[in-house]
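Visitor: Please take one part of this model and look at it closely, starting from a single residue and working outward. I would like the cut-offs stated as you go.

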Amino acid sequence: MSAPEIERWSWGRDLPLTAVLSGLAAYADWFAPGVFFGHSLVLGNVFYLIGVRLVGPYAALAVLAAITATLVVKWQQPFSALLIALEGLAVAGAWRRRINPLLADLAYWIVLGTPLSWFLYRHVVVIPDPSFTQALVLQPANGLIAVWLSYLVIEQLPAAPGWERPESAGTFRSVLLRRYLIFGTLPVLVGGLLAARTFEQRALSEAQANLDATTRNLASQVARHVAGGVGLIERLAARHAEENWFLDRARLHAELATARASSPDFLSLIAADPSGSVVAGSSSTGRLPTDSADATPNVADREYFREPMATARSHVSGVFRGRGFGRDLLIAVSAPVISRAGKPLGVIEGSMTVESILALLQRQAENHGMRLLLTDRRGRVITGRGFPHEPLEQLDALPLGRLINARAPRPTRFNSESPQRPITYLSMSVEVPGLDWTLTVQREWRDVVRPVLNVYGWILLVALATALIASLFATWSVRDLLAGWQALIQFSLAPSGHGALLENSSRLRRLPLEFRDVMRRLAEMARRLDSETRKREQLLRELESRVQERTYELEQAMLAAKSADRAKGAFLATVTHELRTPLTSIITGTRLLRMGWKDRNDLVERTLSTLEKSSQVLMSVISDVLDYSKLEAGVIHLEVTRFRPADILGDVSAILEPAARKANLELRVAPAHSAELEWSGDVPRLRQVLLNLAGNAVKFTTGPTVEIASQVTFAGDEARLWFHVTDQGPGIPVDQQEEIFEPFVQLETNQVMSQAGTGLGLSICRRLVQAMGGDLTLESELGRGSRFSFWIPREPPPNLPRPPVAAAAQKE
């Protein structure tokens with residue numbers, strides 16, 4: 001979170017609000033409608049977008065985290081959490097940039113959301129139909145609904161710091177339309193969704209109840225069908241309760257043939273004595289069910305013989321493939337022949353065809369549009385319709401087998417195992433009464449949810465129709481008001497020239513009387529404004545003409561002043577140059593007199609000394625005036641050569657040493673670099689600047705030392721040579737530290753006034769340093785002294801900058 005966001009965060013208000021929004025988002029997703037297989041969970045994004053609006057984008061990430069955690073924990077959908085989180089971030093980012101959120105969400109699903117959903121649900125986590133189709137269709141639809149709801153709600157909420165209300169400058173029609181949608185379409189949509197949710201729960205409950213009832217009814221029919229065959233076999237066995245019942249084989253053959261003819265579901269009927277030898281039988285092929293060619297086949301090893309003999313009860317076997325009657329799928333129904341003493345005397349067995357049970361199941365499946373599967377206690381397929389499994393196939397290791405063995409008390413969802421086209425079913429498995437079989441009935445989930453989807457479709461259609469009607473009503477009801485409003489907008493943008501437009505708008509019949517009166521008054525005001533505008537424009541033209549005249553006069557005066565300034569500079573340069581020649585002769589003559597006149601008295605000596613000093617002072621003043629005039633005229637030339645800064649410090653120290661000794665001062669030289677360091681610059685000008693600064697220090701200091709120092713620094717990649725002159729003089733006031741660099745300016749102190757000078761030295765020094773590409777600065781404190789510092793670059797710039805005054809003079 002950035003510093004501004006942290007400053008705007010309010011722990012007392014935003015933290016509880018964030019917690020409430022996170023809880024609401026988690027609640028909305030936790031109890032989302034299950035019909036969409038969790039695809040309506042994007043509705044949690046409504047609270048995230050509201051959180052962005054109320055507490056800011058960073059704090060609202062806690063709401064988004066609650067949404068994604070709910071999807072992962074409750075619905076086990078990490079990829080849906082990823083898609084919804086990306087949608088929320090994309091819409092919130094676009095919304096903050098004042099992009100239409102609905103268009104942004106639609107673009108997200110077209111460009112990223114739907115292609116990513118297709119890839120994830122087809123290649124990473126395979127989702128069967130119809131859930132796959134629902135994911136591709138309902139996720140974008142629910143996302144758009146969530147953004148629309150957020151848009152309608154957020155329009156009524158206050159803004160968080162840093163959030164600008166999107167489309168806050170909407171038209172009157174858009175504002176009115178939003179109100180119609182909020183108070184018209186939104187209640188319809190919310191009521192429809194609540195009704196659809198109720199219908200959805202009821203439809204799912206009814207579908208589960210119907211599937212449960214249908215499965216149990218089919219199981220009962222299968223049980224009755226098999227029970228009919230069991231009853232026939234038991235009646236045959238009950239007729240033969242005597243000990244040697246199996247000796248009258250002819251009578252047994254006749255009874256079995258008659259019974260088989262009366263029940264076409266049986267492929268064969270046989271009678272076996274206590275040893276398992278078949279004593280009589282009847283079949284559609286005329287053969288007895290045995291693999292052997294013996295005249296008296298034996299079935300003692302068969303389950304349908306062993307079980308009745310051991311338990312003295314009827315027995316219905318699982319499915320098996322007949323061996324004596326071709327390869328037909330059969331179910332053995334057997335009953336023991338019990339003596340009056342309760343002793344098993346043999347077995348009557350009938351082989352019932354699976355086709356008879358399959359025909360019964362197919363009739364029911366066709367009536368209800370389902371697929372059915374009948375399995376035995378060993379998990380083998382007996383028969384079925386619509387399943388890809390063959391009879392006798394073992395299912396225990398398959399997901400379908402585990403579903404059948406679980407025998408859930410209520411219908412559950414089951415995903416088919418087909419890799420080409422996974423399909424979701426509503427599945428129910430029940431035990432066939434009286435038999436150790438399981439009947440599984442499944443109905444496509446698409447058929448289950450089709451009524452619910454139709455209801456949701458009608459709700460969306462009604463909501464869209466309501467929005468369209470609201471839009472048409474908003475347009476029709478306020479069209480005259482909009483026309484008048486547009487006229488007011490144009491008037492506010494350009495009040496002059498729109499009086500006629502306001503006058504025409506005030507005549508619209510559907511305008512309220514108050515609005516018409518306002519329009520008429522504004523039209524009158526517009527006419528007055530037009531009149532005043534014309535007067536003002538005339539006055540402005542006159543003022544502009546006068547300004548142009550005054551500007552021309554000022555330009556002429558400035559040209560004359562600049563010409564006079566140039567003449568002044570030329571005059572000073574000429575006069576100072578003419579004064580230097582005779583003054584040089586006077587100084588030279590005085591020195592010759594002092595050297596050639598040996599026997600002069602004290603008066604003559606003092607006179608010649610005074611004459612020489614006065615001439616030197618006058619020469620210094622003339623040199624300063626000449627340098628300044630050259631700088632003003634921009635004709636000063638710099639000669640760049642290689643030099644050693646240590647040599648310059650030594651030269652300046654040697655020149656000023658006598659004056660410093662005379663003033664009882666210690667002149668200290670402190671180079672902070674190697675004595676062999678070389679630099680580039682104008683040596684005479686550097687020496688002139690350093691002599692001027694150090695000479696002033698010797699003149700004005702009252703302390704014991706004057707220090708001249710130099711050092712090398714770096715400003716980025718640029719190397720700079722610094723010179724520092726430090727004294728312990730009276731110091732310079734802060735308010736005068738910049739003034740002393742102006743020409744002809746001197747401090748008004750007794751010590752300064754007692755020294756001769758023109759006030760040009762520091763001004764000349766700064767301009768010379770600036771001409772060499774550097775700068776001159778001052779640090780001073782009253783009573784403690786001053787420090788003058790200046791620097792020059794290692795290599796002077798190719799085009800040496802001229803001082804501002806000189807450059808301006810040349811430009812003129």
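Guide: Threonine 375 has a relative accessibility of 2% and therefore counts as buried; buried means under 20% relative accessible area, exposed over 50%, and partly exposed in between, with a 1.4 Å probe and protein chains only. The model is a predicted one, in which local features need pLDDT of at least 70 and side-chain atom pairs count only at pLDDT 80 or more, while totals for chains, interfaces and linings use all residues. Residues are numbered from 1 along each chain as its sequence is written, and side-chain values use heavy atoms, with hydrogens and water left out.

Threonine 375 belongs to strand β6, residues 371–375. Strands (E, at least two residues) and helices (H or I, at least four) are DSSP runs numbered from the N terminus. Apart from neighbours within four places in sequence, threonine 375 touches Arg380, Val381, Ile382, Leu395, Ile404, Trp437 and Thr438, where contact means heavy atoms within 4.5 Å.

The sheet that includes β6 is open and has 5 strands, in the order β7-β6-β10-β9-β8 with antiparallel pairing. Its edges are β7 (381–385) and β8 (412–415), each of which pairs on one side only. From one strand to the next the twist averages 25°, taken from axes that are lines fitted to C-alpha atoms (for helices over the stretch in contact), with angles from 0 to 180 degrees between N-to-C directions. Two strands count as paired if DSSP finds at least two bridges between them. At the β8 edge, 4 bridges join β8 to the antiparallel strand β9, residues 424–431. Asparagine 415 has threonine 424 as its bridge partner in β9.

Next come the salt bridges, each a side-chain nitrogen of Lys or Arg within 4 Å of a carboxyl oxygen of Asp or Glu. By this rule the model has 21 of them. In one, arginine 378 and glutamate 303 bring their closest N and O atoms to 3.6 Å. Arginine 378 is in the loop between β6 and β7 and glutamate 303 in helix α10, so this salt bridge links distant parts of the chain, 75 residues apart. With a relative accessible area of 41%, arginine 378 is partly exposed; glutamate 303, at 21%, is also classed as partly exposed.

A further salt bridge joins the side chains of arginine 407 and glutamate 431, at 3.2 Å from N to O. Because arginine 407 sits in the loop between α12 and β8 while glutamate 431 sits in strand β9, the pair ties together parts 24 residues apart in sequence. Both partners are partly exposed: arginine 407 at 31% relative accessibility and glutamate 431 with a relative accessible area of 42%.

Arginine 407 has a backbone feature as well. Most residues other than glycine have a negative phi. The phi of arginine 407, however, is positive, near 45°. Alanine 312 is another non-glycine residue with a positive phi, of about 60°. Alanine 312 is found in the loop between α10 (303–311) and β3 (315–321), and its relative accessible area of 36% makes it partly exposed.

Trp437, one of the contacts of threonine 375, leads on to the interior. The largest nonpolar core has 52 residues, and those with the most contacts inside it are Val222, Ile348, Leu374, Val432 and Trp437. Helix α8 (residues 172–238) gives the most to this core, 13 residues. A second, separate core of 42 residues includes Leu665, Ile708, Val725 and Phe741. Such a core is a set of buried Ala, Val, Leu, Ile, Met, Phe, Trp, Tyr and Cys residues joined through side-chain atoms within 4.5 Å. For isoleucine 348, contacts beyond four places in sequence include Ile233, Leu236, Trp245, Leu256 and Val333.

For reference, here is a strand from elsewhere in the chain. Strand β17 (residues 785–793) has 8 of its 9 residues buried. Strand β15 (residues 718–726) runs antiparallel to β17 and is joined to it by 7 bridges, with phenylalanine 723 partnered by phenylalanine 790. Strand β16 (residues 775–781) also pairs with β17 in the antiparallel sense, over 7 bridges, and glutamate 779 has arginine 787 as its partner. The hairpin of β16 and β17 has 3 residues between the strands, and glycine 783 there takes a positive phi near 80°.
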